[in-house]
Amino acid sequence: MHEKELETTIKHLAVPGKGILAADESPKTAGKRLASINTESTAETRRQYRQMVLAAKDMEKYISGVILHEETLNQKTNDGVFFPKHLELKGIVPGIKVDEGLAHFNNTDEECTNGLETLPLRLKEHKKHGCKFAKWRAVYKISSSTPTKEIIKRNSEDLAKYAKACQEEGIVPMVEPEVLIDGEHSIDDSERVTHDVLKELFSALKKEKVNLKYTILKSSMVISGKQAKDRAGVEEVAKRTLKVLKATVPSDIPSINFLSGGQTPQEATAHLDAMHKLDKNLPWYVSFSYARALQEPALKAWQGKDENMHKAQSAFVHRAKLNSLATQGKYSSSME
Ligand code: 5MM
């Protein structure tokens with residue numbers, strides 16, 4: 001294993017007061033984001049979208065790493081610099097999403113993640129582009145019959161195999177088991193499922209001999225379903241999330257970076273902040289790896305127009321700053 005390399009990457013990612021930006025939307029998802037501002041999705045408009053966010057002045061004060069999509073690796077900033085190089089020059093670690101999306105599991109409605117077969121080859125290529133960490137996402141839908149034990153086992157094994165392959169290439173794996181927020185489920189259901197998913201994940205990582213010291217967990221929060229009637233408040237989400245993490249995540253894990261998963265930007269910041277207000281002695285660094293919760297306000301301000309670029313970039317950096325404050329328990333809604 002490339003211990004020194006992995007250790008350096010962790011040191012540059014898990015920086016107090018900073019978090020990770022997920023800018024790895026597939027062309028399909030990026031298309032939905034662009035459609036929301038009436039902008040056609042082409043390789044060029046997606047490049048402009050990345051430019052808007054990644055060239056924002058001062059983002060490096062709050063962002064330690066960025067997860068990119070493969071398409072972005074070969075695109076350049078307005079100044080003609082490849083995006084991974086541009087990030088590196090700002091002192092930000094470039095990362096890459098390496099899963100190849102979702103597929104039906106055993107002819108059921110549950111989903112597993114594609115991409116393991118071609119992974120070793122792709123990791124070598126991404127490394128040449130300067131990527132130092134990689135992300136793989138597994139998803140779980142909560143319903144009266146899901147997730148099943150079988151899908152939890154399969155996804156955990158795949159996440160472990162992926163993580164092992166990354167470490168063998170000197171790339172830090174970011175393992176992302178996402179328990180979806182969609183649905184009417186209660187926070188109790190979310191707690192139970194998140195607990196089971198994380199327990200199985202860490203058992204699979206152990207079996208595969210993945211070194212946890214060089215692994216980042218990208219987790220969802222324990223939260224009521226988006227359509228649930230009595231949704232739990234901020235304190236409750238923070239309390240339950242920390243309860244599950246403490247019961248399942250070994251302290252060897254250096255950093256836990258949450259996904260926002262459909263929470264509003266304000267909710268995602270408030271939840272992270274509440275965790276830090278509740279407990280000042282967490283065994284891991286606890287931060288963010290948001291996509292929507294960091295980029296949504298900027299996207300709205302931008303509207304695909306050059307003349308709005310500055311305003312949009314300010315909105316993005318403001319959001320990043322509020323989340324940075326949240327990692328220190330210093331956020332307040334009056335700062336919005
Ligand atoms: C869950 O999605 C990840 C975090 O984003 P949010 O904070 O918005 O929930 C995100 O990294 C996601 O994996 C990428 O955007 C890629 O998604 P698609 O669906 O395009 O593969």
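This tour moves through the structure stop by stop, from the ligand and its pocket to the cavities, a second pocket and two backbone details.

The model is predicted, so local features need pLDDT of at least 70 and side-chain atom pairs count only at pLDDT 80 or more, while totals for chains, interfaces and linings use all residues. Residues are numbered from 1 along each chain as its sequence is written, and side-chain values use heavy atoms, with hydrogens and water left out.

**Stop 1: the ligand**

Select the ligand and then the residues near it (a residue is near if one of its heavy atoms lies within 4 Å). The selection should give 17 residues, of which the closest are Thr29, Lys97, Lys135, Ser260 and Gly261. By class, this shell holds 4 nonpolar, 4 polar and 9 charged residues, where Ala, Val, Leu, Ile, Met, Phe, Trp, Tyr, Cys and Pro count as nonpolar, Asp, Glu, Lys and Arg as charged, and the others, Gly among them, as polar.

Next, show the side chains of Thr29, Lys135 and Arg292 to look at polar contacts (pairs of N or O atoms within 3.5 Å; within protein, one must be able to donate a hydrogen and the other to accept it, and residues adjacent in sequence count only if both atoms are side-chain atoms). A side-chain N or O atom of threonine 29 is 2.6 Å from an oxygen atom of the ligand, and for lysine 135 the corresponding distance to a ligand oxygen is 2.4 Å. At arginine 292, a polar side-chain atom lies 2.6 Å from an oxygen atom of the ligand. Of the 500 Å² of accessible area that the ligand has on its own, the protein covers 90% (areas come from the Shrake-Rupley method with a 1.4 Å probe; for residues, only the protein chains shown count as cover).

**Stop 2: the largest pocket**

Keep the ligand in view, as it sits in the largest pocket (more than half of its atoms lie within 2 Å of the grid points). Pockets and cavities are sought on a 1 Å grid over the protein atoms alone: a cavity is a set of points where a 1.4 Å probe fits but cannot get out, a pocket is an open set with protein on both sides within 12 Å along at least five of seven lines, and lining residues have an atom within 4 Å of a point. The largest pocket has a volume of about 980 Å³, a volume being the space filled by probe spheres set on the points, which are joined across faces, edges and corners. Among its 36 lining residues, Thr29, Arg33, Lys97, Arg137 and Glu178 are the closest to its centre. Colour α2 (27-35), β6 and β7, the elements that give two or more residues to this lining; helices (H or I, at least four residues) and strands (E, at least two) are DSSP runs, numbered from the N terminus. The most, 4 residues, comes from α2. The lining divides into 9 nonpolar, 8 polar and 19 charged residues.

**Stop 3: the cavities**

How many cavities of 30 Å³ or more does a search of the whole structure find? There are 2. For the largest, select Val179, Ile181, Ser220, Met221, Ile223, Leu259, Ser260, Gly261 and Gln263, which enclose a volume of about 50 Å³; the lining has 5 nonpolar, 4 polar and no charged residues.

The second largest cavity, of about 40 Å³, is lined by Glu25, Arg33, Tyr49, Ala291, Arg292, Gln295, Glu296 and Leu299. Helix α11 (residues 292-302) gives the most to this lining, with 4 residues.

**Stop 4: the second largest pocket**

Move to α7 (149-168) and α8 (187-207), the elements that give two or more residues to the lining of the second largest pocket, whose volume is about 200 Å³. The largest share, 4 residues, comes from α8. Thr146 and Pro147 are among the lining residues.

**Stop 5: two backbone details**

Most residues other than glycine have a negative phi, and most peptide bonds are trans. Zoom in on the peptide bond from threonine 146 to proline 147, which is cis, with omega near 0 degrees; proline 147 lies in the loop between β6 and α7. Finally, select asparagine 38, in the loop between α2 and α3 (43-54), where phi has a positive value near 55 degrees.
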